[in-house]
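Please take a first look at the sequence and the 3D structure shown here. The report below walks through the fold, the core and a few loop residues.

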Amino acid sequence: MKFFTQAKRYDDVSTLSDEDLICYCLEVDKGTIVQAIRNGAVTLKAIKEATTACTGNECAEKNPNKRCCSKEIKQLIQLEAENV
Ligand code: FES
């Protein structure tokens, strides 16, 4: 059940608050990533450069989903594109 709750949380990043972490390795929150997107960082590579998110290598230990945060970052880019 715990796994389902965590997975559900990540299934919809729009429900997260700005203070919720997206990248657990580098401790980058949603608000920081959204602001970077709004400042023109609209690719995963650009987000990495602007925020350091998705540049860690301890995802299995630190991220509750035991994987990299790239999926959530791509979802945020898509959400922001849809909100333009
Ligand atoms: S959770 Fe973002 S790089 Fe590991």
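What share of the 84 residues of the protein chain count as buried? The figure is 24%. Keep in mind that this is a predicted model.

**Overall picture**

The protein chain holds five helices and two strands. Along the sequence, their order is α-β-β-α-α-α-α. Contacts can also be sorted by how far apart the partners sit in sequence. Among contacts between residues at least 6 apart, 52% join residues at least 24 apart.

How confident is the prediction? The mean pLDDT of the protein chain is 89. Of its residues, 87% reach 70 or more. Residues 1–9 have pLDDT below 50. Beyond near neighbours in sequence, that stretch has three contacts in the model. Where pLDDT is low, the predicted coordinates should not be read in detail.

**Two packed helices**

Two packed helices are described by the angle between their axes and the distance between the axes. Here the pair is α2, residues 30–38, and α3, residues 44–51. The angle is about 115°, and the axes are 10 Å apart. The crossing of α2 past α3 is right-handed.

Which residues of α2 meet α3? They are T32, I33 and A36. Their partners in α3 are I47, A50 and T51. By type, the residues of this contact are four nonpolar, two polar and no charged.

**The core**

The largest nonpolar core has 15 residues. Within this core, I22, C23, I33, A53 and I73 touch the most other members. Three elements give two or more residues to the core: β1 (21–23), α2 and α5 (70–82).

I33 links the two topics, since I33 is in the contact of α2 with α3 and is also listed in the core. Leaving aside residues up to four places away in sequence, I33 touches I22, V28, I47, T51, A53, I73 and L76.

**Y24 and P64**

Y24 sits in the loop between β1 and β2 (28–29). Is Y24 buried, exposed or partly exposed? Y24 has 18 C-beta neighbours inside 10 Å, so it counts as partly exposed. The cut-off for buried is 20 or more. Not counting residues up to four places away in sequence, Y24 touches K62, N63 and C69.

P64 lies in the loop between α4 (59–62) and α5. P64 is partly exposed because 14 other C-beta atoms lie within 10 Å.

Some residues lie far apart along the chain, yet have a listed distance in space. The table gives three such pairs, C-alpha to C-alpha.

| Pair | Apart in sequence | Apart in space |
|---|---|---|
| P64 and Y24 | 40 residues | 8.3 Å |
| Y24 and G56 | 32 residues | 8.5 Å |
| S17 and G31 | 14 residues | 7.7 Å |

S17, in the last row, belongs to the loop between α1 (2–11) and β1. S17 is exposed, because 8 other C-beta atoms lie within 10 Å.

**Two positive phi values**

Most residues other than glycine have a negative phi, and most peptide bonds are trans. T52 has a positive phi, near 70°, and is a residue other than glycine. T52 is placed in the loop between α3 and α4. With 15 other C-beta atoms within 10 Å, T52 is partly exposed.

K66 also has a positive phi. What is the phi of K66 near? The value is near 60°, again in a residue other than glycine. K66 is found in the loop between α4 and α5. P64 is placed in that loop too. K66 has 11 other C-beta atoms within 10 Å, so K66 is exposed. The cut-off for exposed is 12 or fewer.

Technical notes. Residues are numbered from 1 along each chain as its sequence is written. This is a predicted model: local features need pLDDT of at least 70, side-chain atom pairs count only at pLDDT 80 or more; totals for chains, interfaces and linings use all residues. Axes are lines fitted to C-alpha atoms, for helices over the stretch in contact, and angles run from 0 to 180 degrees between N-to-C directions. Helices (H or I, at least four residues) and strands (E, at least two) are DSSP runs, numbered from the N terminus. A crossing is left-handed if the near helix is turned anticlockwise from the far one by less than a right angle, and right-handed if clockwise. Two residues are in contact if their C-beta atoms, placed from the backbone, lie within 7 Å. Ala, Val, Leu, Ile, Met, Phe, Trp, Tyr, Cys and Pro count as nonpolar, Asp, Glu, Lys and Arg as charged, and the others, Gly among them, as polar. A nonpolar core is a set of buried Ala, Val, Leu, Ile, Met, Phe, Trp, Tyr and Cys residues joined through C-beta atoms within 7 Å. pLDDT is the predictor's confidence in each residue, from 0 to 100.
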